[in-house]
Amino acid sequence: MLYEGQIYRPPSEADAYILQATIGCSWNHCTYCDMYRDKSFRVRDLRETLADVRTAGEAFGDKVRKVFVADGDALVLDLEHWEAILGACRQAFPKAQRVSAYATAMNVNEKSAEELRRLRELGLSLLYMGPETGDDVTFKRIAKGSNFDEHVEAARRAHEAGMKVSAIFLLGAGGTERTEEHAAGAAKLITEMDPEFVSALTLTVVPGTPIAKLQASGRFSLPPVTRMLEELRTIVSDAAPTDAVFRTNHASNYLPLAGRLPADRDRIVSVLDQALAGKVPLRPERSRGL
Ligand code: SF4
């Protein structure tokens, strides 16, 4: 199997077979994102992609329970590609229980309801979407490409097709200036998107990214760690999804938390209050990752 460049996947796909069907991200503008800056976006040759699926199937087909289709916004692939890929995965991995991919709100909203339903029928059952914020000013500043309403619409359309949604938020994305609006908006967006999974990452300003340049020129400042934990507290206490698995287990976070929202809200808020009071140790800076 061939992989081009660095491969990224969500923490919950650590045990998945990763199939690289696109190279890079078709959007590639988010100011904080360093993942695919070195890759010029392209759809991988379908014959190559399918050959990878066959090779993986021959090597460990029965053992695969999850397939994650990379790179950054693989949902952008057209239906023809997806039909071939999902069909090949079904043959190669008969025991696979789910196929997932990263998706932007644009990717979802550009597909018709029928296309989304077809993808679900063929096995694509989970979309990881990263609105990062719920504040429309912050959406613009981080160049996310979609706003609050477009993310709500994308989640609605994914759900209508029978897919699950994992929504990812980024502590610190609003900077010190929009910290309150960023957190309150994220909580509101979680309520409106009503995802099955919610996770939060913590912004790390990576040298060379647009946000690093904004920081260097004084136009962006990352909130202090305690303030980002307060953002998380607002998100957890104000978000009201129906029933979502909640995780902050990404390496970028200062405090790994897990539970369900809203069921475990009080317990999680209490841990955050203890951390804010200095009674729970935070992950040391040197142990954090991107
Ligand atoms: S959509 Fe995702 S992968 Fe693409 S630039 Fe934005 S954060 Fe990076």
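A residue counts as buried when its relative accessible area is under 20%. In this predicted model, lysine 144 has a relative accessible area of 12%, so it is buried. Lysine 144 sits in the loop between α5 (136-141) and α6 (148-160). Its side chain makes a polar contact with the side chain of tyrosine 32, at 2.9 Å. Beyond residues up to four places away in sequence, lysine 144 touches Trp27, Cys30, Tyr32, Met106, Gly130, Pro131, Glu132, Phe139 and His151.

Lysine 144 is also one of the residues around the ligand. The others in this shell are Cys25, Asn28, His29, Cys30, Tyr32, Cys33, Met35, Tyr36 and Thr104. By class, the shell holds six nonpolar, three polar and one charged residues. Lysine counts as charged, so lysine 144 supplies the charged entry. Tyr32 and Cys30 appear in the ligand shell, and both are also touched by lysine 144.

A second buried lysine is lysine 111. It is placed in the loop between α3 (105-110) and α4 (113-122). Lysine 111 has no salt bridge. The nearest side chain of opposite charge belongs to glutamate 115, 5.5 Å away. A salt bridge requires the nitrogen and the carboxyl oxygen to lie within 4 Å, so this pair does not qualify. The side chain of lysine 111 instead reaches the backbone oxygen of leucine 75, at 2.9 Å. Leaving out residues up to four places away in sequence, lysine 111 touches Leu75, Val76, Leu77, Asp78, Leu116, Leu119 and Arg157.

Lysine 279 is exposed, with a relative accessible area of 64%. This residue lies in the segment after α10 (265-276). Lysine 279 and glycine 123 are 156 residues apart in sequence. Their C-alpha atoms are 45 Å apart in space.

Cysteine 89 belongs to helix α2 (residues 79-92). It is buried, and its relative accessible area is 3%. Outside its neighbours within four places in sequence, cysteine 89 is in contact with Leu19, Val53 and Val67. Cysteine 89 and valine 64 are 25 residues apart in sequence, yet their C-alpha atoms lie 9.9 Å apart.

Side chains of opposite charge can pair when their charged atoms come close. The model contains 20 salt bridges. One of them joins glutamate 230 and arginine 227, whose closest N and O atoms are 2.7 Å apart. The two residues are three places apart in helix α9 (residues 225-238), so about one helical turn separates them. Glutamate 230 is partly exposed, at 32% relative accessibility.

Aspartate 45 and arginine 47 also meet in a salt bridge, at 3.0 Å from N to O. Aspartate 45 is partly exposed, with 32% relative accessibility. Arginine 47 is exposed, with 65%. A further salt bridge links the side chains of aspartate 264 and arginine 267, at 3.8 Å from N to O. Both of these residues are partly exposed: aspartate 264 has a relative accessible area of 22%, and arginine 267 has a relative accessibility of 43%.

Some salt bridges form a network. Its members are Glu153, Arg156, Arg157 and Glu160. Arg157 is also among the residues touched by lysine 111.

Technical notes. Residues are numbered from 1 along each chain as its sequence is written. This is a predicted model: local features need pLDDT of at least 70, side-chain atom pairs count only at pLDDT 80 or more; totals for chains, interfaces and linings use all residues. Side-chain values use heavy atoms; hydrogens and water are left out. A residue is near a molecule or strand if one of its heavy atoms lies within 4 Å of it. Helices (H or I, at least four residues) and strands (E, at least two) are DSSP runs, numbered from the N terminus. Buried means under 20% relative accessible area, exposed over 50%, partly exposed in between (1.4 Å probe, protein chains only). Lys and Arg count as positive and Asp and Glu as negative; His and the chain ends are not counted. A polar contact is a pair of N or O atoms within 3.5 Å; within protein, one must be able to donate a hydrogen and the other to accept it, and residues adjacent in sequence count only if both atoms are side-chain atoms. Contact means heavy atoms within 4.5 Å.
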